[in-house]
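Reader: I've got this model open on my screen and I'd love a close look at one part of it, the sheet and whatever packs around it. Please take me through it slowly.

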Amino acid sequence: MSLADRIETYRRHVSEWLRGLYHGLVSHPAYELIEKEAEDIEDEFMLACFPDVFGVPSPISYYTAELLPYLTDEFEAWERRMWDRGSLIERKGQQYHF
Amino acid sequence: MKKFVFFGGKGGVGKTTVSSAYGLKSAKAGLKTLVVSTDPAHSTSDVFDQQFGDEPAPVEGHDDLWAMEIDPEQEVENHLMEIKRAMGDQVSPGMVNAIDRQVEMAHQTPGAHESALFDRFVDVMQNAEEYDRVVFDTSPTGGTLRLLSLPEFLEGWIERLLHKRKRSIDLFEKAAIGGREPRRMAEGDPIIARLQERKEMFEFAGEVLRTESAYFLVLNPDELSIRETGRAVEELTEYDLGVSGLVINKVTPEPDENESGRGARYLRDRCRTERERIEHIRESFDESVVAVIESRVEEVKGSLLDEVADELDVAVEPTPKSASQPSSES
């Protein structure tokens, strides 16, 4: 392996590292933040659709039930999350990287 | 007269009789008429002595007259089955159980019946092109009023859901910049499509109920039904659905002059109080009284129905929109 090749490989490593570092420190947390916000709104959406899960009667649960086949995965996860109050605070805390 | 005509009122005042008679009258005027019964205690079948089902069927012995009876119970069941079928297509069997409970529960809420009935209502309205006139014999006051107020209320609700869903998807898409696959996409999202579809349905229903429908209230000359009618008029006006007229049914017939027995005295007394009440109705309601129908000894059916139909002073001719050929005036 020539010297030029070795320098090339070295530079590639460094640049990948730097990109990874940037991604981990700056861009990923930013994406994550937006994604968490999106998840929160989705939770609100689920709550508005299925308040009867928590005993609040909903005049439109008859209609929102139609959405369930397409929301199965979200629904189960959401239900579990909502029932577990401790984890809700924990989840909120996750949005902040100290 | 508008294409869709609703007859409402307190239980037992004779809505079915009046709406059947009106249907008959319309059919006799040459309009293809459909009578839709939404009362769970169906009696259209009794009036015409013929069993009707969920699909329009021609009424025997009458041209241009069709009838159907909506069974909300069955509608709820159909809706449930449809969702379960969609679930079978979409979801792995393992997950079905978790969701099943929720779906079942949604179909046992107090609103489920109303929603199912409402859906069928809208369905009938959407597929009523071949009829010139659709007469709705509705369930007693409370239920019907709630039903008619649904579109506006539900529209707002669906609107909010739609907004939330769109916002969360928008954020998911934003979070996916840099060539990553977003977790959810607005394009082809079945939830948005579904909600949009529902919203359009409610808008359609609201529009038809406000612009293409006429409402008549049936009452008897007694305090209870007069008061309930007053409340119904108020509520309907609140929803922007004006009442076109009142039908006073089951008025006691007056005895002949020369009769003086106990029965005749009783009838005369009764007639006097009823006349006062009818006067009271004419004075206190802004809506005009379109018919005063005497009570019959027998069940109103067959030829008696014709008589009642003649007594109805309700216009029959269709609205300008569909009135191309001259039809007989009442």
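Author: Let's start with chain B, where 50% of the 330 residues count as buried, meaning under 20% relative accessible area, with exposed over 50% and partly exposed in between (1.4 Å probe, protein chains only). Residues are numbered from 1 along each chain as its sequence is written, while chains are lettered from A and ligands numbered from 1 in the order in which they are written. What you see is a predicted model, in which local features need pLDDT of at least 70, side-chain atom pairs count only at pLDDT 80 or more, and totals for chains, interfaces and linings use all residues; side-chain values use heavy atoms, with hydrogens and water left out.

The C-alpha trace of chain B spans about 100 × 40 × 40 Å along its principal axes. Chain B holds 10 helices and eight strands, which are DSSP runs numbered from the N terminus (H or I, at least four residues, for helices; E, at least two, for strands). Among its contacts (heavy atoms within 4.5 Å) between residues at least 6 apart in sequence, 73% join residues at least 24 apart.

Now the sheet. Eight strands of chain B form an open sheet with mixed pairing, in the order 3-4-2-5-1-6-7-8; two strands pair if DSSP finds at least two bridges between them. Strand 3 (57-58) and strand 8 stand at the edges with a single partner strand each, so each has one side without a neighbour in the sheet. At the strand 3 end, strand 3 and strand 4 (residues 65-69) of chain B pair in the antiparallel sense over two bridges, and Ala57(B) sits opposite Ala67(B) of strand 4. At the strand 8 end, strand 7 (residues 243-251) and strand 8 (residues 289-294) of chain B run parallel, joined by four bridges; Val247(B) has Ala291(B) in strand 8 as its bridge partner. Put helix 9 (residues 262-284) of chain B together with strands 7 and 8 and you have a right-handed β-α-β unit: with the strands pointing away from you, the path from the first strand over the helix to the second runs clockwise.

What packs around all this? The largest nonpolar core, with 77 residues, draws on both chains, and those with the most contacts inside it are Phe45(A), Phe50(A), Phe6(B), Phe118(B), Val134(B) and Phe136(B). Such a core is a set of buried Ala, Val, Leu, Ile, Met, Phe, Trp, Tyr and Cys residues joined through side-chain atoms within 4.5 Å. Helix 6 (residues 141-175) of chain B gives the largest share of this core, 10 residues. Click on Phe136(B): beyond its neighbours within four places in sequence, Phe136(B) is in contact with Phe4(B), Val5(B), Phe6(B), Phe7(B), Val36(B), Thr38(B), Phe121(B), Val124(B) and Met125(B). Apart from the largest core lies another, of 31 residues, including Val47(B), Val135(B), Val300(B) and Leu312(B).

Helix 1 (residues 15-28) of chain B is mostly covered, with 13 of its 14 residues buried. From first C-alpha to last, this helix reaches 20 Å, close to the 20 Å expected at 1.5 Å times one less than its number of residues. After helix 1 of chain B comes Gly30(B), with a positive phi near 90 degrees.

Chain A touches chain B too, and here's a spot to zoom in on. His79(B), in helix 3 (residues 72-90) of chain B, counts as buried at 8% relative accessibility. Not counting residues up to four places away in sequence, His79(B) touches Tyr62(A), Glu66(A), His107(B) and Arg198(B).

As for chain A itself, there are four helices and zero strands, and 40% of its 98 residues count as buried. Met46(A) lies in helix 1 (residues 3-49) of chain A and is buried, with a relative accessible area of 1%. Leaving aside neighbours within four places in sequence, Met46(A) is in contact with Leu71(A), Glu74(A), Phe75(A) and Trp78(A). Those four are among the buried residues of helix 3 of chain A. Helix 3 of chain A bends by about 50 degrees at Glu74(A), the bend being the angle between axes fitted to the seven residues ending there and the seven starting there.
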